Every structure is written in structure tokens, then in C-alpha cells.
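This report goes through a structure chain by chain and pair by pair. It begins with the backbone and then turns to charges and overall composition.

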Amino acid sequence: MRRSLQALRRRWIAAGEFSQLGGCRSLQTFAGTALLRPTEAASHRPAFWAGSSLAARCYSSLPPTTELCMPALSPTMSSGNLVAWHVKEGQLVAPGDVIADVETDKATLSWENQDDGYVAKLLVPEGAKDLAVGSPVALLVEEEDQVAAFKDYVPTAGGAPAAVPAAEPEAAAAAGAGADEPAAAAGQHNSRMGPAARSLLAESGIPAGLVTPTGPRSIITKGDVLAAIAAGVKAPAAAAPPPPPPQQQQKQPEAAAPSRPAASPPAAAPQPAAAKQAAAAPPQPAPAGAGYTDIPNSQIRKIIAQRLLESKQTIPHLYVSADVDLDGVSALRAALKQQGVKVSVNDCVIKAAALALAEVPAANALWDAAAEAPKAAGGVDIAVAVATDTGLITPIIRGADAKPLPQIAAEVRELAGRARAGRLRPEEFQGGSFSISNLGMFGVDEFSAIINPPQACIMAVGGSRQVAYMKEGLPASKAQMTVTLSADNRVYDGEVASAFLSAFSRHMGNPFRMYG
Amino acid sequence: MLAAVSSHAAGAARQALGGSLTLAAAGLQRRGLAASAVTVEGDTLTVEVNPYKVHRIEAPPTTVTATKDELMSYFKQLYRLRRMEISADMLYKAKAIRGFCHLYDGQEAVIVGLEAALEKSDSIITSYRNHATHVARGGTVAEVIGELMGRTTGASKGKGGSMHMYRREANFFGGQGIVGAQVPLGAGLALAHQYSDTGGVAVAMYGDGAANQGQIFESFNMAALWDLPCIFVCENNHYGMGTAEWRAAKSPAFYTRGDYMPGMKVDGMDVLAVRQAFAYAKKYAVANGPIVLEMDTYRYHGHSMSDPGSTYRTRDEISSIRQQRDPVEHVRKLLLDNGLVEASVIKGIEKDTKKEIDAAIEASKAAPFPDMKELWTNIYAAPLGMQLRGIDSTHVETLAA
């Protein structure tokens with residue numbers, strides 16, 4: 001449809017006015033014309049469009065629309081997710097109104113409209129992912145009564161038959177042409193071959209049947225083998241694993257891409273490995289009995305995965321654990337609760353860690369990759385891990401050693417709430433000198449976490465448990481939890497880690513000094 | 001101490017800022033366009049504009065007359081500039097325009113009123129927010145869009161970009177990238193007018209963000225000393241990049257900042273008020289010397305396309321200005337409400353303008369990028385035996401002839 005619109009538009013501009021083609025009005029795009037993919041250079045096959053008969057085709061009885069396409073809301077954005085629509089079909093929009101929330105590669109931003117009109121159709125649903133910049137997402141019309149015409153309008157993917165077959169025969173022809181030659185050559189070469197060609201074939205391991213012979217009487221020449229090697233023709237042994245999908249491909253008749261199954265082994269040529277070919281066929285119905293569901297990875301999770309791998313591979317982790325008594329903290333919490341202040345164990349952990357970092361400055365350091373040395377962090381900024389639907393995010397409590405405990409509690413609550421809603425500002429989760437991850441509420445006794453570079457340490461806090469001990473000759477029980485430091489061994493050595501942990505334990509055991 | 005369970009420090013600051021924002025917004029809203037006192041006689045409209053605030057000068061009369069043809073031409077130009085800036089926004093979001101892009105929508109009345117009062121023989125120099133100035137000085141929309149897209153059909157052959165449009169034959173001296181650098185140049189243009197006795201004026205435009213820069217006051221001083229025919233125009237859109245005027249300037253009354261120079265504050269969203277002010281200022285400048293005009297205007301977009309424009313002001317403020325003071329709407333209402341034209345004529349103009357912009361965009365997309373050899377043109381290439389002095393005059397280097 002995109003190409004047909006371009007063709008239509010060229011005609012109109014040449015004519016100098018809107019022309020009514022055969023009594024039906026064609027789709028007009030205003031600055032929607034400007035929103036086509038910027039990669040299309042002006043010289044990109046103009047003859048194809050100008051001379052095609054696509055221009056004669058028109059959508060019957062659809063009023064002229066303005067196409068709204070996915071905007072590039074940051075200079076580095078190439079695709080985005082449409083998180084939520086702020087308008088409904090039929091709604092009047094004015095310049096300056098927010099139409100939608102768009103998730104870019106960096107943050108979720110509001111998209112403001114610049115045109116007057118009524119929303120005729122929302123072409124993509126809320127939550128649509130990976131929409132390329134420039135792809136149409138909505139249609140605006142000028143008059144309210146024109147909205148009804150779009151009630152059953154099917155957007156481009158389904159309703160552009162002329163463009164898709166035009167593209168498809170080209171693609172199919174190209175693939176077919178590529179497929180035909182090897183298929184024709186299969187088994188049709190002369191067994192006579194020069195010694196150079198023979199040795200090259202043996203060296204490369206390409207079966208003679210896959211090489212196109214160009215010599216007289218279908219003799220394979222050395223040039224043919226070199227061309228086959230250059231084209232990346234692989235021996236079918238590489239196509240064997242995994243056998244079931246490609247074979248099923250050939251058995252099942254394909255409606256969508258008729259040339260692809262036939263070309264499946266030779267079409268391994270344009271692709272480095274046949275395994276990729278198999279992997280490229282996921283739209284296939286899965287073989288019976290292999291029930292699974294693919295859950296797409298969100299942008300945040302992809303980045304988290306990348307960073308975790310990088311951290312684990314490049315940072316030498318040092319693990320140091322300690323058991324910390326929790327009775328003092330429980331007493332403090334009870335006392336505060338009586339005064340109406342709600343403070344959780346995690347808040348006390350944050351404060352105790354902050355005080356310990358202030359006491360042991362060597363522990364409040366970052367690893368400076370450029371200088372290859374530890375450098376002191378500016379202040380005690382504690383990043384608290386919060387699990388959200390989209391992934392793990394760490395809002396930061398800045399200057400935690402100076403903040404009073406109730407303030408830390410309030411901040412953590414507020415930041416966690418906003419983190420779950422996806423409304424954190426970048427400066428609120430970027431940075432930090434120390435991280436704390438608490439899985440105690442999930443019944444975990446002890447675990448070790450992965451450091452978030454460029455920080456040098458993360459503390460993993462487990463759950464509390466009752467432990468028996470001897471107190472003045474009599475058995476008693478106390479609450480304890482295990483904390484495990486994962487520290488960057490280039491910044492922390494054992495001495496620093498244990499100094500930090502002992503300061504931490506001391507503060508946790510002496511909570512009334514923490515408060516205030 | 002327990003009351004420390006209070007608002008987050010940032011939250012408190014935001015509250016304070018919000019309060020000030022509403023105050024500022026209220027100040028902006030108070031000056032809604034006066035649409036009450038309008039009389040029509042045949043094809044001529046007489047309207048009362050908002051009163052001028054003056055400093056060391058008498059205010060011009062607030063009763064302005066305009067004919068239907070004048071208003072139609074203003075409307076066409078205002079609408080054209082508005083649609084051009086909107087399409088620049090959409091092209092930028094489609095990545096057809098890259099780099100800097102500072103949009104003028106909301107401020108169109110300033111340049112249209114200026115052109116209505118002044119001649120092409122008067123010089124004008126402005127900041128990087130210059131797309132509309134280029135068109136108002138006789139350029140075409142296709143030139144502007146071509147330049148924004150970096151094509152050879154652009155105003156500066158695709159080599160200048162958004163900030164460097166220039167039209168020498170219309171005495172438009174750009175398009176300047178450095179904030180406030182154009183004001184001393186503007187004073188120099190006024191000196192040229194005085195020296196050559198042209199009888200014209202030079203207009204040096206700058207924004208409220210630039211208004212606190214030192215070289216502007218140096219220009220004021222020299223212009224006033226020599227009685228240069230210079231009109232200094234502060235386009236006060238109330239925000240620097242994101243800093244509100246009351247946070248940037250101790251005295252945000254920019255029309256008084258000329259101190260010994262007379263000044264006038266004008267409703268910059270009303271093209272007729274602006275025209276009246278410029279006509280008055282030109283008469284004054286040619287006869288007496290420099291004058292400062294402050295245009296009370298507003299930009300709907302952020303400072304540039306990298307700025308969403310909503311982090312330092314509320315959306316409500318923007319939409320209230322759109323509803324109450326929009327320059328294009330004002331002229332449209334003057335034309336329609338007073339029966340000067342039919343609504344269909346207005347619609348026709350709008351359609352034609354959209355087509356014109358469409359055609360400009362298409363032409364620009366089809367135009368080529370500059371050839372590589374253009375890297376070596378329009379640059380100073382021949383040293384001509386120039387001599388460079390070192391730290392002291394004993395060390396002199398002579399460049400090749």
C-alpha cells in the first residue's frame with residue numbers, strides 16, 4: 001500500500017489537483033507522505049511506480065485521510081512500542097493533544113499530535129511492539145461524518161493485495177531463479193571434470209550436483225566450482241541437523257512462499273547455515289506434540305540479559321556471607337509502629353548498609369574501567385532492586401547515610417510504586433554506588449546476586465529464620481538472616497568486605513542509633 | 001523529627017515550581033486577544049489591540065485599521081508558516097530531517113507583522129529560529145524544507161541546515177547559530193544603513209534567553225551613542241531552552257532593559273499590534289535612534305526537536321494559549337466573524353496551502369544531496385599572502401599567496 005500511495009501521489013501532484021478516479025476518491029496523504037520510510041531514496045525504482053497500473057486501483061468510497069506514522073521521538077530510535085492510546089476512534093483531536101504513549105529505546109514518551117481532525121482508525125492495538133519508525137499507526141479525517149467509513153477498514157497488512165503480489169512475484173522470481181539453477185544442475189553434470197575442478201570440489205566438500213556447470217556438454221569447470229564456493233553453497237550434510245523441520249517443510253504444501261520449500265536445501269546458499277533456515281521458519285505450525293509458547297522478551301529484559309552476562313563474565317566476583325541478628329530491628333519496627341511510622345526490614349537494611357559504607361569508605365567505591373582502578377563514589381547512593389512486570393529495575397536512594405529512616409522508607413515506597421508503573425526518571429535509576437537485593441519475603445534463605453557495573457558490590461539479603469542459641473546457660477532463640485556480598489574483587493578484598501559486613505552487623509544490632 | 005515523613009525533596013521543589021508555573025501561566029493568559037472592539041466599514045476593519053507597555057516613549061495608538069486584502073494576505077502567510085513548521089515536525093519525527101531544528105509555530109505573528117510594516121530594503125538578522133523569517137523575506141517553503149532535508153535545492157544549497165538560512169537579496173542576514181551573537185551584527189547593519197544614508201532600519205532579533213547576554217548591552221550602548229537606526233526586538237516566548245524568564249532574568253521586562261533607550265512591549269500574538277508597533281518603531285528609529293521592542297509571544301513546540309517542551313511547563317498552559325491567543329486563529333476569526341470572507345474561501349486557502357507544502361516536501365525528497373565536491377566550495381581557500389602575528393609582533397607568519 002505504501003508503494004501504491006506513492007504512485008497515487010505522484011499522479012496527483014502531476015495533475016495539480018485531486019482527481020476523482022472513476023468516481024471513487026482515493027486515499028490522500030498530507031504530511032503522511034513525509035512519513036514514509038526515510039531509507040527510500042528518491043531514485044529508488046521510480047520507473048516501477050510511475051509505469052505501474054497500481055495507480056489506477058483505488059479504494060472505493062474512502063474519504064481522504066491524514067496518515068499518522070510512528071514518530072522517531074529520539075534521534076537514535078528506529079522502532080518503538082505503542083504502549084497506550086490516549087484517543088479513541090471518532091474523537092476530535094487538536095494540535096498539542098497527546099495521542100499515545102510510545103516506548104522508545106530509552107523511555108516511554110508522550111506523542112503529541114500536530115494536526116486537526118477526527119480519529120478515523122487506530123491501525124495498531126495498544127501494546128503493539130516493534131513498530132518501525134514511519135509505519136502507519138492511525139488515520140485522521142477532516143469531518144466527523146467521514147469516520148464511519150472506516151469502521152471496517154483493514155489496515156495495510158491485509159488490505160494491500162496489489163502491493164504484496166507485486167512484491168511477492170519479484171521476491172519469488174528472484175528466489176525461483178536462484179533455486180532453479182541448482183535444481184536444474186542437480187544430477188545433470190558431466191562426469192568428466194578437469195583435475196583442478198575435481199580437487200577444488202574435494203577440498204571444499206561441495207557435492208558436484210550442487211554446482212552449476214557452464215562448460216561444454218555440462219562439464220563443471222574450475223570457475224564454476226569457484227563461483228559455487230563464493231556463493232557459499234554448502235554440502236547437504238550441514239542441512240541434516242535438525243532434520244524434522246526442513247523435511248516437514250518439504251512435505252507440507254506451502255501457500256505463503258511456494259518457492260521456499262523447494263529451494264530449502266539449495267536456498268541454504270544465501271544463508272550461512274541451514275539451521276538458520278529452520279530457525280527462520282517459526283511461523284510454521286509446530287510438529288504435533290511439541291506444545292510450547294514463545295514469550296517475547298521485552299526491551300528491558302533484553303538489556304538486563306546483556307548486562308548480566310557482561311557483568312558475570314568480566315567482573316571477578318568475591319562472595320562473602322554473614323549472619324545478622326534481626327531482634328534489634330524487630331524491636332525498632334515495633335516501636336515505630338506504635339508511633340504510626342511504617343518501616344520495613346529492608347529499609348533498616350538500607351540504612352545500616354549506608355552507615356556501614358560511610359564508615360568503610362573503601363567499600364563505597366566503583367571500578368573505573370578507563371583508569372583500571374577503583375575510584376571512590378561521590379556519595380552513598382544505594383540502589384534497591386525492585387521486581388516489576390517488565391524486569392528488574394533499581395531505583396536509587398541518594399545520600400542514604402544522611403537520610404532519616406522514615407524518609408528512606410517513604411522514598412523506597414514511592415520509588416518502588418513508580419518503578420512498577422514504569423514512571424521512573426532516568427536519573428532515578430542510573431548511577432548508585434551499592435545495590436541491595438532482598439529475596440527474603442519470597443522464602444529464600446541465602447543467595448548471591450550479580451554485580452551491576454560500574455558498581456563494585458551487591459548485597460543479597462535472605463529471609464529471617466529462628467535460630468537457637470545458648471544465652472547465659474539457657475537455650476533461647478533469636479531471629480537471624482543471611483546476607484551475601486557479591487563484590488568486585490578488584491575493588492574489595494577480603495579485608496574490606498569483612499570490615500563492611502561487621503559494620504553492617506553492628507548497625508543492624510544497634511538499630512536505635514540508625515533511626516534519625 | 002517524625003514529621004520528616006514528609007514530601008520528597010524533589011516533590012517539594014516541584015510543587016513550588018508548579019505554583020510558579022501557574023502564576024506565570026496566569027500572567028500569559030491575562031493578555032487574551034482583545035476581540036471585543038471591532039468595527040467594520042465595507043472592506044476595512046478597525047480593531048482595538050491590546051495596550052502597549054512603554055518605556056521612555058509615547059505609546060502608539062491602539063486602534064488599528066486593516067483591509068480585507070491585508071488580512072487575507074496575513075492569514076495566508078500565517079497559515080503557510082504554521083503548516084510549514086508542523087510538517088517540519090513530522091518530517092523530523094520521520095527522520096527525514098536530522099540535527100538541529102528549532103520551530104517557530106506560535107510566533108508567526110511577529111515576523112508577519114514585521115514584514116507588513118517594513119520594506120525588503122530594511123535589514124533583518126535573527127537567531128536560529130529562522131525558518132519563518134526566510135519565507136517572510138521572500139523565500140519559498142520548498143527552499144526551507146529542502147534546506148532542512150539537506151538537499152541542493154535548499155536555501156543554502158543544503159550546506160547550512162536549519163540554523164543557517166540567508167537571503168542577501170532581501171537583506172536577510174540569517175540564521176545565526178550562536179545565542180545572541182546576531183545582535184552586535186544587527187547594530188552593525190544599522191551602522192551600514194546610517195553610513196550609506198539608505199533611510200532604512202536594521203532589525204536585530206533575539207530571544208528572552210539571549211537577552212541577558214553582555215554583548216547585547218554593548219550593542220545597545222554603541223547604537224545609542226551613535227543614534228543608529230536599529231530596532232532591537234526581543235521575541236519573548238517566556239522560556240529559554242527550559243528556563244522560565246522569571247528564573248533567568250532579574251528584570252524580565254525586556255523592553256526596559258535598554259535603560260536609556262526607549263522601549264515598547266507588544267502583544268506578539270496579534271499581527272495587527274505587531275505591525276503597528278513596527279511601523280511606529282521604524283519612524284522613531286530613522287528619526288531618533290535605537291529602540292527596543294519586546295514581543296510577548298509563545299512557542300508551542302519545545303526549544304528544539306530534542307525538547308519535548310512539557311517538562312518545564314504544563315500541557316494546560318500550552319493548550320490555553322492555543323485556545324486563547326493563537327495568532328492564526330485570531331486572524332481567521334477576524335475575517336470570519338466580521339463577515340469579510342466566506343468560510344469556504346478560508347477552507348480553500350487552507351487546502352491550497354497544504355498542497356503547496358505537500359508539493360514542497362515531494363520536491364525536496366526528490367532533490368539530490370550536495371555532491372562531495374561541494375565540500376570545497378564557498379569556503380575561504382586562498383590565503384592571499386595573509387600575515388599572522390604570533391604572541392608579539394616579532395613573530396610573523398606569512399601564508400602562501
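## Backbone features

A:Pro454 sits in the loop of chain A that runs between strand S16 (434–438) and strand S17 (457–471). The peptide bond joining A:Pro453 and A:Pro454 is cis, with omega at about 0°. The model is a predicted one, and the values in this report are computed from it.

Chain B has backbone features of another kind, in the loop between helix H5 (141–148) and helix H6 (182–195), where B:Lys157 lies. The phi angle of B:Lys157 is near 60°, which is a positive value in a residue other than glycine. B:Asn171 is also placed in the loop between H5 and H6 of chain B, and phi of B:Asn171 is near 60°, again positive in a residue that is not glycine. Why do these angles and the cis bond deserve a remark? Most residues other than glycine have a negative phi, and most peptide bonds are trans.

The two residues can also be described by their accessibility. B:Lys157 is partly exposed, with a relative accessible area of 42%. B:Asn171 counts as buried because its relative accessibility is 16%, and the cut-off for buried is under 20%.

## Salt bridges

Over all chains, the count of salt bridges comes to 28. Three pairs are listed here with the distance between nitrogen and oxygen.

| Salt bridge | N to O distance |
|---|---|
| A:Lys403 and A:Glu411 | 2.7 Å |
| B:Arg82 and B:Asp326 | 3.0 Å |
| B:Glu329 and B:Arg332 | 2.0 Å |

Are the partners in the chain A pair buried or exposed? A:Lys403 is buried, with a relative accessible area of 15%, and A:Glu411 is buried as well, at 5%.

In chain B, the closest N and O atoms of B:Arg82 and B:Asp326 are 3.0 Å apart. B:Arg82 lies in helix H2 (residues 68–93) and B:Asp326 in the loop between helix H10 (315–325) and helix H11 (327–337), so this salt bridge ties together parts of chain B that are 244 residues apart in sequence. B:Arg82 counts as buried at 9% relative accessibility. B:Asp326 counts as buried at 6%.

The pair B:Glu329 and B:Arg332 is local in sequence: both residues lie in helix H11 of chain B, three residues apart, which is about one turn of the helix. How do the two differ in accessibility? B:Glu329 counts as partly exposed at 33% relative accessibility, whereas B:Arg332 counts as buried at 15%.

Chain A also holds a network of salt bridges, which links A:Glu414, A:Arg418, A:Arg425, A:Glu427 and A:Glu428.

## A negative surface patch

Which residues form the negative surface patch? The patch is made up of A:Glu142, A:Glu143, A:Glu144 and A:Asp145. One of these residues, A:Glu144, is placed in the loop between strand S8 (136–141) and helix H3 (163–185) of chain A. A:Glu144 counts as exposed because its relative accessibility is 51%, and the cut-off for exposed is over 50%.

## The chains as wholes

Chain A contains 15 helices and 18 strands. Of the 516 residues in chain A, 43% are buried. The accessible surface of chain A is about 25900 Å², and carbon and sulfur atoms account for 57% of that area. Among contacts in chain A with a separation of 6 or more, 65% are between residues 24 or more positions apart.

Chain B contains 12 helices and 11 strands. Buried residues make up 53% of its 401 residues. The accessible surface of chain B comes to about 17300 Å², with 56% belonging to carbon and sulfur atoms. For contacts in chain B between residues at least 6 apart in sequence, the share that joins residues at least 24 apart is 71%.

Terms used:
Residues numbered from 1 in each chain as written. Chains lettered and ligands numbered in written order. Predicted model: local features only at pLDDT ≥ 70, side-chain atom pairs only at ≥ 80, totals over all residues. Heavy atoms only, no water. Patch = residues over 30% accessible without salt bridge, like charges linked within 9 Å, V, L, I, M, F, W, Y side chains within 5 Å. Areas by Shrake-Rupley, 256 points an atom, 1.4 Å probe, with all protein chains shown as cover. Salt bridge = Lys/Arg side-chain N within 4 Å of Asp/Glu carboxyl O. Lys, Arg positive; Asp, Glu negative; His and termini not counted. Charge placed at Lys NZ, Arg CZ, Asp CG, Glu CD. Helix = DSSP H or I, 4+ residues; strand = E, 2+ residues; numbered from the N terminus. Buried < 20%, exposed > 50% of the residue type's maximum accessible area, 1.4 Å probe, protein only. Contact = heavy atoms within 4.5 Å.
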